[in-house]
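I opened a fresh page for this one. These are my notes, in the order I looked things up.

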Amino acid sequence: MENTIWHTLYNRAKAVQNDRTISPFMEAGAVGAAVLTAEGNIYTGVCIDTASGMGMCAERNAMANMLTNGEDKISKVVAVMPDGSSGTPCGVCREFMMQLNQDSRNIEILLSLDPLKTVRLGDMMPDWWGEKYLQAECCTIKELAEDLAGEVVYDIYKLCMYKPTFEKYLARISNRKQHKNFTVYGCYLHNELIGIAGICPYSQEVEITDIAVKKDMQKKGVGRKIIEYLTENYQLPLLAETDDDAVGFYRKCGFKITEVTTEKNNELCRRYLCRRSNK
Ligand SMILES: [Zn+2]
């Protein structure tokens with residue numbers, strides 16, 4: 001069966017192969033490619049070579065065809081070279097596939113039809129730069145399972161506190177709990193707590209009172225994922241008051257900075273009121 005689908009893909013790629021000169025500047029069709037999607041459809045494409053570097057590989061043309069038809073998950077890829085052998089995708093095509101989604105590393109690529117030899121895309125792309133950004137995609141967000149007054153939660157929570165101590169932390173959460181709807185969500189990556197968000201929901205909006213992401217998981221889209229979760233879960237605008245350190249994060253997540261106040265504590269400090277509509 002496995003053998004059959006590889007033959008089918010090979011034949012579909014070969015069928016579109018049509019090496020020709022289009023103009024003094026352009027040639028097309030020397031290489032043909034076929035991609036099999038997770039949904040079981042096959043899309044094909046040929047290579048286009050042009051002057052001024054506008055060309056595109058057969059694999060990427062097949063993928064463009066797939067995207068045009070509303071699909072984006074690939075299971076297998078075959079490229080047929082001018083001599084009839086199967087070709088491995090170039091660096092740009094490998095990168096293109098990796099950027100599609102987190103399952104791309106499992107894409108199988110034909111190396112040889114007879115004897116049948118294939119390779120997993122992930123094995124061709126060790127230490128891929130984008131891997132860390134995909135981890136956020138694998139996170140799950142749910143109400144905090146851990147003890148709020150425990151060290152595990154404090155270790156993350158303290159990252160959004162000014163000069164944190166455990167005593168200050170306990171005082172803060174006991175203060176937060178005076179709001180009867182105060183809820184803390186945890187963001188989990190493979191069951192490990194990597195982020196938290198404390199919120200107070202009101203009838204017309206949800207106030208984010210605290211949000212923090214584990215140091216080594218910062219700047220990987222985890223915070224944004226939490227914001228999107230809250231928006232989806234509550235279907236209400238989100239509010240947050242913040243400082244210079246975090247205002248950039250809220251801005252990137254689509255919050256509008258509606259108010260800037262300057263306060264005098266011991267020193268001058270600026271506070272920002274951030275609001276994100278649920279639309
Ligand atoms: Zn390529």
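**Helix H2**

I began with helix H2, residues 58-68, and listed its buried residues: Ala58, Glu59, Arg60, Asn61, Ala62, Met63 and Met66. Keep in mind that this is a predicted model.

Next I asked myself what covers the buried residues of H2. The cover includes E2, strand E3 (42-50), E4 and H3.

I also checked what comes after the helix. Glycine 70 follows H2, and its phi is positive, near 85°.

**Strand E4**

E4 had turned up in the cover of H2, and I went there next. The strand spans residues 74-80, and 6 of its 7 residues are buried, so the rest of the structure largely encloses it.

Which way does E4 pair with strand E2, parallel or antiparallel? I found the antiparallel sense, over 6 bridges, with E2 running through residues 26-37. One spot I marked is threonine 37, which stands opposite isoleucine 74 in E4.

Then I looked at strand E5, residues 108-112. E4 and E5 pair in the parallel sense, over 2 bridges. Here lysine 76 has glutamate 108, in E5, as its bridge partner. I traced the chain from E4 to E5 and saw that it passes through helix H3 (residues 91-100), making a right-handed β-α-β crossover.

**Alanine 30**

I picked one residue of strand E2 for a closer look, alanine 30. Is alanine 30 buried or partly exposed? I counted 17 other C-beta atoms within 10 Å, and burial takes 20 or more, so alanine 30 comes out as partly exposed.

I then listed its contacts, setting aside neighbours within four places in sequence: alanine 30 touches Asp19, Cys47 and Pro82. For the pair with aspartate 19, I noted 4.2 Å between the C-alpha atoms, though the two residues are 11 apart along the chain.

**Helix H8**

I moved on to helix H8, residues 222-234. Its 13 residues reach 18 Å from the first C-alpha to the last, close to the 18 Å expected at 1.5 Å a residue.

Which residues of H8 are buried? I wrote down Val222, Gly223, Lys225, Ile226, Ile227 and Leu230. Their packing partners took up a whole row of my page: strands E7 (140-143), E8 (183-189), E9 (192-201), E10 (206-213) and E11 (238-242), plus helix H9 (244-252).

As with H2, I looked just past the end. Glutamine 235 comes just after H8 and takes a positive phi of about 55°.

**The whole chain**

Last, I zoomed out. I counted 9 helices and 13 strands in the protein chain. The domain assignment splits off domain 1 (2-129) and domain 2 (135-276). How many Å separate the centres of domain 1 and domain 2? I got 43 Å, taken over C-alpha atoms.

For overall extent, I boxed the C-alpha atoms along the principal axes and noted roughly 75 × 40 × 35 Å. The radius of gyration is 26 Å, whereas a compact globule of 279 residues would come near 19 Å.

Two more entries finish the page. Of the 279 residues, 29% count as buried. Among contacts between residues at least 6 apart in sequence, 55% join residues at least 24 apart.

Note on methods: Residues numbered from 1 in each chain as written. Predicted model: local features only at pLDDT ≥ 70, side-chain atom pairs only at ≥ 80, totals over all residues. Helix = DSSP H or I, 4+ residues; strand = E, 2+ residues; numbered from the N terminus. Rg over C-alpha atoms; globule rule 2.2 N^0.38 Å. Buried ≥ 20, exposed ≤ 12 C-beta atoms within 10 Å, placed from the backbone. Contact = placed C-beta atoms within 7 Å. Expected span 1.5 Å × (residues − 1). Pairing = 2+ DSSP bridges. Right-handed = clockwise from strand over helix to strand, strands pointing away. Domains from an automatic or database assignment.
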